[in-house]
Every structure is written in structure tokens, then in C-alpha cells.
Amino acid sequence: MTIRSQTAKLVGKATQKFLKMATSGGSSLPGQVALKIDNDILDYLSKDYHVVMITGTNGKTLTTAMIVNILKQKFDYVLTNPTGANLKQGIVSTFLADSAPKGASKIAVLEIDEATLASVTEVIKPTVIVYTNVFRDQMDRYGEIYTIYQMMVDGALKAPEATVIANGDSPIFNSVDMPNPKKYFGFNTTREEDVPLHPNTDGVLCPKCDSLLHYHLNTYSNLGDYYCPKCGFKRPPLDYSLDKLLELTLKESKFVVDGHPYEIQIGGRYNIYNALAAYSVGRFFEVNPDQIQAGFYASKRVFGRQEELSINGKSVLMNLTKNPVGLNEVIELLHYENEPFTLITLLNDNYADGQDVSWIWDGDYEKFATVPNLDVYYGGKRPDEMHLRLEVAGIPEERLHKINSFEDIATIIGKVKTPKVHILATYTAVLSLRKIFKQQGFIKEVK
């Protein structure tokens, strides 16, 4: 403990308190202030914690929320960054908000941006690092998938004693030798015959010999039970495995993991992976299966991830879409919708969204052209690109309607003919729209 660290903590906490009184909050500024005083403040703030870090392209926020609720079944105090402030200054702000009672068993569950992981593990040595997946995402910021994964490897190498709990169905996570202990989760299969892959699938070259990987099971994108027929590279043995899918609907999933049945109140194959990652962390910390299910029951949908709203008499489901794989999984999820719906799609190109919007051309919008009488409203900062993509997908021009302002969306929702509305929106579009919905009284609290 140094005077510099103590001063940074006191000033950071004072900033945080002022922001809570004067504004609606502010998740990163207190951390920025504290880091200006002491760049190593995280080491001081986190010294009494076990730390779990979650990183990867998709699923970080929901996986983090599930892990928090599972570990609450065992630990007295669980600290987390629920606002999604996953850069270094946001992590500092999270620890500044520590309100654990003296003597409590404490654990911090932190969502970490892939590009930030190495700077955080320089000063915090986690017990566990969770790798969810790696897909193409914000290529103007991250680059290709191998660049993203190298950032994650660099972060783990700075904490070589941390156990890496990784998605075993992702070939890239088995491609680099690391000193860290490793455990893998994935979908079990007994199938021996090969299954075909979508022709536009990334990351299916063997990392050892560059041959095309084959799959006994392909869940989505490049995930599954893979193997290389040329050099023998294959999926590692799974430490935690999904044995069976029992039920998938728009709003819930039931499945069996390691012989135990579980249920989560959220749909989609991609979210089963998030649940499997959370389960794996729970078992690592010796949380029993019944407690894990209690944690799943306590887990609520986080903002913008299948968030349910009631707006002007219509049932609205809002989903974040930020890259091709995530978008296509949400589109696939909407095929479980059994009532007529209207689609709203919002495309922003702010820095946090990624300013290169070419990724929408890898989205399977063509599936919407098969939905009878589907009206599509589009908007955001790049409406012309969104219109062109929908037009090329085969949606009739008379079914396409431009949104001029986010402030108009609630009124539009109230006037559509269908009982349900699905919103697909990029990150900053979700933030802006939720703020407007809050001002209009449709959201009571922004978390």
C-alpha cells in the first residue's frame, strides 16, 4: 500500500460519489481519474479478491451475468462490471464501488475487452480466464480472428498460473501452446460421419497444416467437433460437456450437461454456449449442480440481449447485433417466432460499433424475404447501406420503411399491424434507443 494508491482510491471514490449525486452515474470516469494518479491502482484494489475474467468476441456480457449469479450461491460477495464497462478504466471504477462487508469471501467477475486483457492481467492475476469464442468483429479495430486471439493469448501469458477455461469447440483455442492450465467446454457428440459447413465459414483451416478441417458436429459458424484428416489435429477432450439439447424456443432453452438437466430463460444455440461457460466456472469453484441451476434461474436478460419490452401495446424483443456470426444466430433465433412480427433494424457506425459496416453483407438477411408480409423499418447512422442490403436480400421495396429519428420508433411500434416487433440494433443504437425509451417511460431503469 502506498500513499499514491490510497490517494487514487480516495479521489476515485469521491468522483464516483459525486457522479451518482449529480448525474445518472458514469461508469468509467472515476477509473480514469484514479489511473491518472496511480497507474497500478488495480493491483491495490483487487488484492483481496479471487478474480474471474471473461473475454472473447460474442457472449461476454451474458456469460458474465450468469457466472455472477452462479458464484453468488457460494461466495459472500461477488463484484462485477454489469454496465459492460470492460476497458481498463471501467474495471477500476468497478473495484472503486466495492462495498463488501469486512471478512467476506470475495470474488470479482469481470467482463474484459479482448484488446484490454493484457493491460489488465499486468496488474491483476486472475484465478480463471474464460474464452467464449473468436469471430470477425470490428475489423477496423481488431483485424482478423488470429489477431484477436493473439491479444487474448498475450493476456493469459501475463498470468501463467491462471486456469484458462475455453470453448473447446473453437479450433483457434487449441492452436497455441500455453503454460496456463486449460479446461475445455463444448457440445458432446457420438457421430462419426462428417457434416457439411456453410461455404462462408471463417476459421476452418487447420492451424497446424493449413488443410481444411472436417466436422463430426457443427453447431454454428466454425464451432463443433472438428478434426484434420491430414495431420491429426482435433478437438481436445472436453472437461465440461453438453450431452443433450432438450428444447429450444424463442425465449428459453433446456439441456443436459454432465448428466444434469438445466434450463435458462433465454433462447438460441449461442446462449447455450454462454450457459456452458458459466457452468464450467461454477464447477471449477465447486458449486454443485443444484446451486448452478439456482444461479441460472436468477439470471435475467441483460440489456439489448433478448430484452423484452412492452411499448404502446406491442410486445418488443430487442437484440444486439454487431458482427456476422452474432447477427446470423439472432436471425436463426427469430425462426422460433410463431406469431406475425414487424422487424426494425438499426445500423450505426460509431467507434464502439465499428466504422466498417461491410459485415452486414455476411448477414443472412435473405431469410427475412421468406417471411410472409414482413414489414421492415430501417434506420441509424447508415440507413442507405441498410436499405441496399435489405433490397438485395429480396425484401420488396413497398415493405421497406425508413426511420428518420429514433424518437419516432415508439410511435411506429404503436402503429404497426403485428402484435410483436423485433429490433436488431448495433451497440450504440441499443444505448441510444434505450435512453429514449427510458425518457418516454417504457423502461423504468437503465442498469
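No disulfides were found in the chain, the count by the distance rule being zero. The model is a predicted one. A disulfide is a covalent bond between the sulfur atoms of two cysteines. Two cysteines illustrate the outcome. The closest cysteine sulfur to that of Cys228 belongs to Cys209, at 3.5 Å. A disulfide requires the two sulfur atoms to lie within 2.5 Å, so the Cys228 sulfur is too far from that of Cys209 for a bond. For Cys231, the closest cysteine sulfur is in Cys206, also at 3.5 Å. That distance, too, is too far for a bond. The surroundings of Cys228 and Cys231 were then examined. Cys228 has a relative accessibility of 3% and therefore counts as buried. Cys231 is partly exposed, with a relative accessible area of 40%.

The chain contains 13 helices and 17 strands. Its radius of gyration is 22 Å, close to the 22 Å given by the globule rule for 447 residues, so the chain is as compact as a globular protein of that length. Along the principal axes, the C-alpha atoms fill a box of roughly 65 × 60 × 40 Å. Of the 447 residues, 56% are buried. Among contacts with a separation of 6 or more, 69% join residues 24 or more positions apart. The exposed area of the chain is about 19200 Å². Carbon and sulfur atoms supply 50% of that area.

The largest nonpolar core holds 69 residues. Val52, Leu71, Phe296 and Phe368 touch the most other members. Helix 8 (residues 269–284) provides the largest share of this core, with nine residues. Another core lies apart from it and has 41 residues. Among the members of this other core are Ile112, Val120, Val134 and Met152. Phe368, in the largest core, was examined further. Leaving aside neighbours within four places in sequence, Phe368 is in contact with Ile331, Leu334, Leu343, Leu374, Ile395 and Leu424.

Thr426 was examined as a loop position. The loop that holds Thr426 runs between strand 17 (420–425) and helix 13 (427–439). Thr426 has a relative accessibility of 2%. The cut-off for a buried residue is under 20% relative accessible area, so Thr426 counts as buried. The Thr426 side chain reaches the backbone nitrogen of Asn348 at 3.0 Å. With neighbours within four places in sequence left aside, the contacts of Thr426 include Asn348, Leu346 and Leu347. Leu320, Thr321, Asp353 and Trp359 are also in contact with Thr426.

Notes:
Residues numbered from 1 in each chain as written. Predicted model: local features only at pLDDT ≥ 70, side-chain atom pairs only at ≥ 80, totals over all residues. Heavy atoms only, no water. Helix = DSSP H or I, 4+ residues; strand = E, 2+ residues; numbered from the N terminus. Buried < 20%, exposed > 50% of the residue type's maximum accessible area, 1.4 Å probe, protein only. Polar contact = N/O pair within 3.5 Å; in protein donor to acceptor, adjacent residues only side chain to side chain. Contact = heavy atoms within 4.5 Å. Core = buried A, V, L, I, M, F, W, Y, C linked by side-chain atoms within 4.5 Å. Rg over C-alpha atoms; globule rule 2.2 N^0.38 Å. Areas by Shrake-Rupley, 256 points an atom, 1.4 Å probe, with all protein chains shown as cover.
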